[in-house]
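Biologist: Could you show me the model before we start talking about it?

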Amino acid sequence: MAKDAIEMWLWDAENKNEDIPEATSSGKIKLEENQQVTLVAADTDEWRRLYDTKSVKKTLSIPSWLNTRAEKANAPFSQILQEGLKEYLKV
């Protein structure tokens, strides 16, 4: 959970162009009894790929007959593609 929390906070700070503090050397952290330092790797690029909800334009090809029927039915292409991909990926 720490990894997700850190990546989300860093992603938000990057999007808002906020200053991100330098990492503190583990040797400079004062610990109390029964405490320890744990390193947590954070990859905002990975987090962004998994959770960013920004839309991305894609070009795709479908058979002409299918396009004609879908347009006549006023099919919401983007929504159908998103739902189909989520079902396919079990997301």
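Modeller: What follows covers the pockets, a helix pair and a salt bridge.

Biologist: Before that, what kind of model is this, and what was counted?

Modeller: This is a predicted model, in which local features need pLDDT of at least 70 and side-chain atom pairs count only at pLDDT 80 or more, while totals for chains, interfaces and linings use all residues. Residues are numbered from 1 along each chain as its sequence is written, and side-chain values use heavy atoms, with hydrogens and water left out.

Biologist: OK, how much space lies in the largest pocket?

Modeller: About 1100 Å³, where a pocket is an open set of points on a 1 Å grid over the protein atoms alone, each fitting a 1.4 Å probe, with protein on both sides within 12 Å along at least five of seven lines. Of its 25 lining residues (an atom within 4 Å of a point), the closest to the centre are Val56, Lys58, Leu81, Gln82 and Leu85.

Biologist: Which helix gives the most to that lining?

Modeller: That is α4, with eight residues, and α2 (44-51), α3 (64-72) and α4 (77-89) each supply at least two; helices here are DSSP runs of H or I with at least four residues.

Biologist: Switching topic, how do α1 and α2 cross?

Modeller: The axes of α1 (residues 2-15) and α2, lines fitted to C-alpha atoms over the stretch in contact, come within 9 Å and cross at roughly 90°. That makes the two helices roughly perpendicular, a label covering 65 to 115 degrees. Among the residues in contact (heavy atoms within 4.5 Å) are Lys3, Glu7 and Trp11 of α1 and Glu46, Trp47 and Arg48 of α2.

Biologist: And which side chain does Lys3 meet in a salt bridge?

Modeller: Lys3 meets Glu46 at 3.9 Å, N to O, a salt bridge being a side-chain nitrogen of Lys or Arg within 4 Å of a carboxyl oxygen of Asp or Glu. Lys3 lies in α1 and Glu46 in α2, so this pair ties together parts 43 residues apart in sequence. The structure holds four salt bridges.

Methods
Grid points are joined across faces, edges and corners, and a volume is the space filled by probe spheres set on the points. Axes are lines fitted to C-alpha atoms, for helices over the stretch in contact, and angles run from 0 to 180 degrees between N-to-C directions. Angles under 35 degrees count as roughly parallel, over 145 as roughly antiparallel, 65 to 115 as roughly perpendicular and the rest as oblique.
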